[in-house]
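Reader: Got a minute? I'd like to go through this one with you.
Author: Sure, here it is.

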Amino acid sequence: MDYGIETRCIHGAENLLKDHAYGALSVPLFQTATFAHPGVGRSTGYDYTRESNPTRAELEKIMSALEGACDSLACASGMAAVLLCMELFSAGDHVVCTEDLYGGSVRMFDTVCRERGVEFTSVDTSDIARTESAIRETTKALYIETPSNPTMEVTDLRAMKRLAERHKLLLIVDNTFLTPYFQNPLALGADLVLHSGTKFLGGHNDTLAGFVCTSRPDLAKRLRYLYKTIGCCLSPFDSFLLIRGIKTLAVRMERQQSNALLLADWLKRQEKVRSVSYVGLPQHPGYAVNRAQARGYGSMISFHVDSEKTAKRLLERVKLISYAESLGGVESLITYPMLQTHGDVPVAVRERLGITDTFLRLSVGIEQIDDLTADLAQALEGEADEL
Ligand SMILES: *Cc1c(COP(=O)(O)O)cnc(C)c1O
């Protein structure tokens, strides 16, 4: 892995990505379901697209180069990647996970996985002692999001690795928020890294994708078997779009982060904003831990406003920023986690985490910063009871 990460986003690790027919600069789109065999018992290296496809294989090589993985599996969505990973566990197994997870992951663990007999304990994984005390005899894995979604809690990945080693657990990290541009959990000892490629990696709010990356050949072999069996693969065209998206990952992440730093600072100074959670603010409780394990802070901000009315009014009045689920793309988006991404999270858990009716989550895009602050300013202005 000699190239810098900006270069790897475009060329992969080994500069092997240039051998395309006719010298084509971008990877050709192999929009085919199947591949003809040159003879009995012979293969071109590709047989059937559910198992592998040249366009997707190139994307997977780029992801491995970015995460420092021995293999990466491109899936149809982030949730498909989470499910693929959960196929490693069976009835009676127990997993300790970050309490404040992506809402879809909570739903999957609480329903699909639990119905199959896999048990979960959610804890505040930023608290190492509490995380260790949740480990049982049957515990097989730690499942971590850092920073978490949507409350931006930071978990110490090196500490999690020490727990995983002591108790012989797999360490699984959902790296969607920081991406390999800012954070490489495999280098800190994780066994598996998950991504929703729909977010920063794709980067344009136009394609669903997911990834499972691993540094362990034994896990890669098992995952490849499950992958071709389940059929959770990313299509060739979506693989092409992801390759295209990742080429600009470095510049997008830098711009989104610099916008987010300015916006977090601006939000803090607004009368109707009560608190701001952004990992890049030195007052953030996870600031030091994040700095020690990541190269940046990302561009996700959550904040509380003074009332439910202000929150709803802001969502209805934003013009440039879209009131929409998802995150990570070039367009800035704002969501109401209580009703959207975390609607299926039990009320008691939501309340404990502070996901209430005054809580909003902002994904900062690459627009001009003054246009973003002007839009939020006009959406915040006026009396709350005008509605
Ligand atoms: C969006 C998201 C997922 C799920 O990904 P999809 O591509 O929407 O299926 C998983 N984890 C995190 C942190 C996410 O933000």
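Reader: Which strands form the open sheet, and in what order?
Author: Five strands make up the open sheet, in the order β8-β9-β12-β11-β10, with mixed pairing. Strands are DSSP runs of E, at least two residues, and helices are runs of H or I, at least four, numbered from the N terminus. Two strands pair if DSSP finds at least two bridges between them.

Reader: Is this a predicted model, and how are things counted?
Author: The model is predicted: local features need pLDDT of at least 70, side-chain atom pairs count only at pLDDT 80 or more, and totals for chains, interfaces and linings use all residues. Residues are numbered from 1 along each chain as its sequence is written, and side-chain values use heavy atoms, with hydrogens and water left out.

Reader: Which strands are at the edges?
Author: β8 (273-277) and β10 (322-323) are the edge strands, and each pairs on one side only.

Reader: How do β8 and β9 pair?
Author: β8 pairs with β9 (residues 300-305) in the antiparallel sense, over four bridges. Val273 has Val305 of β9 as its bridge partner.

Reader: New topic. How far does helix α10 reach?
Author: α10 (residues 249-268) has 20 residues and reaches 28 Å from first C-alpha to last. That is close to the expected 28 Å, which is 1.5 Å times one less than the number of residues.

Reader: Which of its residues are buried?
Author: Among the buried residues of α10 are Leu249, Met253, Trp266 and Leu267. Buried means under 20% relative accessible area, exposed over 50%, partly exposed in between (1.4 Å probe, protein chains only).
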